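Me: I am new to this one. Show it to me, and let me ask why each label applies.

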Amino acid sequence: MNVALVGLGARGLGNAEKCEGNANVVALCDVDWKLAGVAFKRYPKAAHYKDFRRMLEKQKDIDAVVISTPDHTHAVIAAAACTADPPTALIAGTPSASPRSCRADRPKRSRFRLPSTRCARYPTL
């Protein structure tokens with residue numbers, strides 16, 4: 001599976017490590033290239049981008065996008081990934097967390113809904 005990582009700070013690097021062995025990192029995206037330098041050195045074969053939209057336009061080999069940006073930006077990135085051609089699977093937060101386990105940790109009377117991390121191409125993620 002070819003994975004693109006958006007957000008390469010501390011959480012993004014941790015998520016990248018969780019993907020190792022199971023996925024091939026093909027693209028890295030972060031607006032702060034100084035901060036992302038560690039990831040760029042760790043994955044020299046991956047393409048580098050500052051804009052996730054441009055990454056989704058140019059990289060047609062992406063199977064999944066790991067979103068490790070601040071929470072308020074997840075929806076925009078997720079919508080772009082789902083409507084990309086070809087559509088990609090989404091993993092927001094940590095790759096090891098499943099939507100079911102996230103819902104179990106949430107308070108019962110929460111008025112917020114966990115966004116879906118599923119797309120048509122990979123409905124079981």
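Reply: Here are short answers on burial, strand pairing and salt bridges, for a model that is predicted.

Me: What makes up the protein chain, and in what order?
Reply: The protein chain has five helices and five strands. From the N terminus on, the order is β-α-β-α-β-α-β-α-β-α.

Me: Why is Cys19 called buried?
Reply: Buried means under 20% relative accessible area. Cys19 has 6% relative accessibility, so Cys19 counts as buried. Cys29, at 2%, is buried too.

Me: How many disulfides does the structure hold?
Reply: Zero. A disulfide needs a pair of cysteine sulfur atoms within 2.5 Å.

Me: What makes strand E2 largely enclosed?
Reply: Strand E2 covers residues 24–29, and five of its six residues are buried. Therefore the rest of the structure largely encloses E2. For the protein chain, 41% of the 125 residues count as buried.

Me: How do you know that E1 and E2 pair?
Reply: Pairing takes at least two bridges between the strands. Strand E1 (residues 2–6) and E2 have five, in the parallel sense. So the pairing label holds. Within it, Ala4 has Ala27 in E2 as its bridge partner. Between the two strands the chain passes through helix H1 (residues 10–19), in a right-handed β-α-β crossover.

Me: What lies opposite Ala27 in E3?
Reply: Ala47. E2 and strand E3 (residues 47–49) pair in the parallel sense, with three bridges. With helix H2 (residues 33–42), E2 and E3 form a right-handed β-α-β unit.

Me: Why is the contact between Arg42 and Glu17 called a salt bridge?
Reply: The cut-off is 4 Å between a side-chain nitrogen of Lys or Arg and a carboxyl oxygen of Asp or Glu. For Arg42 and Glu17 the closest N and O atoms are 3.3 Å apart, so the pair qualifies. Arg42 sits in helix H2 and Glu17 in helix H1, 25 residues apart.

Me: Which residues form a network of salt bridges?
Reply: Glu17, Glu20 and Arg42. Arg42 also forms a salt bridge with Glu20, at 3.1 Å between the closest N and O atoms. Glu20 lies in the loop between H1 and E2, 22 residues from Arg42.

Me: Why is Arg42 called partly exposed?
Reply: Partly exposed lies between the 20% and 50% limits. Arg42 has 43% relative accessibility, so Arg42 counts as partly exposed. Glu17, also at 43%, is partly exposed, and Glu20 is too, at 35%.

Me: How many salt bridges are there in the whole structure?
Reply: Three. Among them is Arg53 with Asp51, at 3.1 Å from N to O.

Technical notes
Residues numbered from 1 in each chain as written. Predicted model: local features only at pLDDT ≥ 70, side-chain atom pairs only at ≥ 80, totals over all residues. Heavy atoms only, no water. Buried < 20%, exposed > 50% of the residue type's maximum accessible area, 1.4 Å probe, protein only. Helix = DSSP H or I, 4+ residues; strand = E, 2+ residues; numbered from the N terminus. Right-handed = clockwise from strand over helix to strand, strands pointing away.
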